[in-house]
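Visitor: I should like to learn how to read the features of a structure such as this one. May we take them one at a time?

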Amino acid sequence: MQFSERIRELRKAKNLSLRALAEAAGVSFTYISKIENDKLDFGDYPSEDLIGKLAAALGADKDELLLLAKKVPPEIRERLFERPDAFRKLASLDDAALDKFLQDIEKKKRKGK
Amino acid sequence: MSRSNLRFLRNKVIDEITAGRLREYEAKTGEIVRFPVPVENVVEQVLGLDFDWDEIEERLGEEILGGFDAENRKILLNERHTDLFEQNPGLLRSTIGHEAGHYDIDIDRSTLLHPKLPGIELSSHTAKRHASKLNRTIEVLFQRASSDEVAWQAYKLLTEGQDAPEVKSAVDRYQSALLMPEWLIREASERLDFTKWSDLYRLRDEAEVSISNLVVRLQRLNLIFIPEGTKTLYRSKDEYTGQKTLF
């Protein structure tokens with residue numbers, strides 16, 4: 001799903017009008033309309049700050065919206081800079097290996113409980 | 001609803017259609033409709049239409065506020081008038097209501113997804129204008145009538161035989177009924193004095209509509225009468241006639 005579609009979907013699910021969402025996020029309603037219709041003039045996605053406001057107004061997961069906007073959530077970015085070696089290894093895994101790795105983590109988590 | 005039936009649409013029928021849409025909205029969302037009527041939400045939640053902004057071509061002397069992109073089920077608002085819309089939310093709301101009317105009572109929805117064949121023109125009362133970002137021609141209905149004789153004739157044909165005295169298209173009556181449902185207007189009449197302009201302006205602000213839109217609606221519902229050439233408000237023509245005979 002694309003960022004634009006997700007914003008529209010979340011907004012409609014909360015029955016918010018373009019104007020109501022715009023007011024909550026502190027931008028114009030035409031700007032929200034441009035986001036939803038993939039028509040932003042400068043850059044493909046809104047700023048991280050605005051995405052945070054949109055997530056708050058929509059009761060959505062900010063990280064989900066950031067990732068859909070091809071942005072890395074700050075906490076993940078921080079860890080990436082702290083442990084680039086680990087992220088490099090993760091990035092080199094194929095999907096099957098990555099899935100197995102995630103399953104192992106989940107198993108360990110469950111055992112720890 | 002087919003275009004051929006549109007000319008026979010009386011105010012009462014349009015009121016029933018819009019009231020039905022508002023009831024559908026209430027049932028779907030659990031929210032009671034009050035002033036200002038949440039027209040954008042109704043259009044999205046009940047009619048299933050989306051909004052978009054685009055630069056719609058205007059010819060000399062024209063002011064096109066919006067159009068309807070039937071293929072994408074989108075109400076297109078003209079970016080050229082963004083400032084006007086921002087300054088006047090009532091205008092934005094009536095434009096949305098007007099375009100929703102095209103979808104709900106004007107356009108034959110069964111043909112929406114069928115591409116138009118080369119050489120097959122839209123009906124004569126439909127103006128075609130270019131939306132630059134979409135790079136497509138969209139339908140701009142009726143609004144051309146003010147500057148085009150053919151469109152004006154078609155416009156007159158459509159409104160001929162309908163409820164006098166307004167010379168308004170069916171879609172304009174639709175937007176007016178959608179934004180100002182009869183039951184909310186009648187409720188307001190219990191607490192406001194419609195013979196006072198100050199009260200009408202209060203209702204205008206509550207309903208987030210333009211004063212001219214409100215006045216036409218009140219006249220249509222026979223709740224006010226304004227003698228031609230005056231700005232005096234009466235409750236009815238009878239009241240005005242009765243007062244005249246006193247002098």
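Guide: Let us begin with the surface of this predicted model. A:Leu93, A:Phe101, A:Leu102 and A:Ile105 together make a nonpolar surface patch of about 310 Å².

Visitor: Where does A:Phe101 lie, and how is its exposure classed?

Guide: A:Phe101 belongs to helix H8 of chain A, residues 95-112. In general, an α-helix has 3.6 residues a turn, so residues three or four places apart point the same way. With a relative accessible area of 37%, A:Phe101 counts as partly exposed, because that class covers values between the buried limit of 20% and the exposed limit of 50%.

Visitor: What is the secondary structure of chain A as a whole?

Guide: Chain A has eight helices and zero strands, and its pattern along the sequence reads α-α-α-α-α-α-α-α.

Visitor: How should one read the overall dimensions of chain A?

Guide: The radius of gyration may be set against that of a compact globule: for 113 residues the latter would be near 13 Å, but chain A has 18 Å. Along the principal axes, the C-alpha atoms of chain A fill a box of roughly 45 × 30 × 25 Å. Of the 113 residues in chain A, 34% are buried. The accessible surface of chain A is about 7,300 Å², and carbon and sulfur atoms account for 53% of this surface.

Visitor: Is helix H3 of chain A enclosed or open?

Guide: Helix H3 of chain A (residues 29-36) is largely enclosed by the rest of the structure, because seven of its eight residues are buried. Among these buried residues are A:Phe29, A:Ile32 and A:Ile35, and also A:Lys34 and A:Glu36.

Visitor: Which elements do the buried residues of H3(A) pack against?

Guide: Within chain A, they pack against helix H1 (3-13), helix H2 (18-25) and helix H4 (48-58). From chain B, the partners are S1, helix H4 (82-87) and helix H5 (89-106). Just after H3(A), A:Asp38 takes a positive phi of about 55 degrees.

Visitor: Which way do the side chains of S1 in chain B point?

Guide: In a regular strand the side chains alternate between the two faces of the sheet. Here B:Asp50, B:Asp52 and B:Asp54 point one way from S1(B), whereas B:Phe51 and B:Trp53 point the other way. Five of the five residues in this strand (residues 50-54) are buried.

Visitor: Which strand pairs with S1(B), and in what sense?

Guide: S1(B) pairs with strand S3 of chain B (residues 74-78) in the parallel sense, over five bridges. Within S3(B), B:Ile75 is the bridge partner of B:Phe51.

Conventions. Residues numbered from 1 in each chain as written. Chains lettered and ligands numbered in written order. Predicted model: local features only at pLDDT ≥ 70, side-chain atom pairs only at ≥ 80, totals over all residues. Heavy atoms only, no water. Patch = residues over 30% accessible without salt bridge, like charges linked within 9 Å, V, L, I, M, F, W, Y side chains within 5 Å. Areas by Shrake-Rupley, 256 points an atom, 1.4 Å probe, with all protein chains shown as cover. Salt bridge = Lys/Arg side-chain N within 4 Å of Asp/Glu carboxyl O. Helix = DSSP H or I, 4+ residues; strand = E, 2+ residues; numbered from the N terminus. Buried < 20%, exposed > 50% of the residue type's maximum accessible area, 1.4 Å probe, protein only. Pairing = 2+ DSSP bridges. Rg over C-alpha atoms; globule rule 2.2 N^0.38 Å. Contact = heavy atoms within 4.5 Å.
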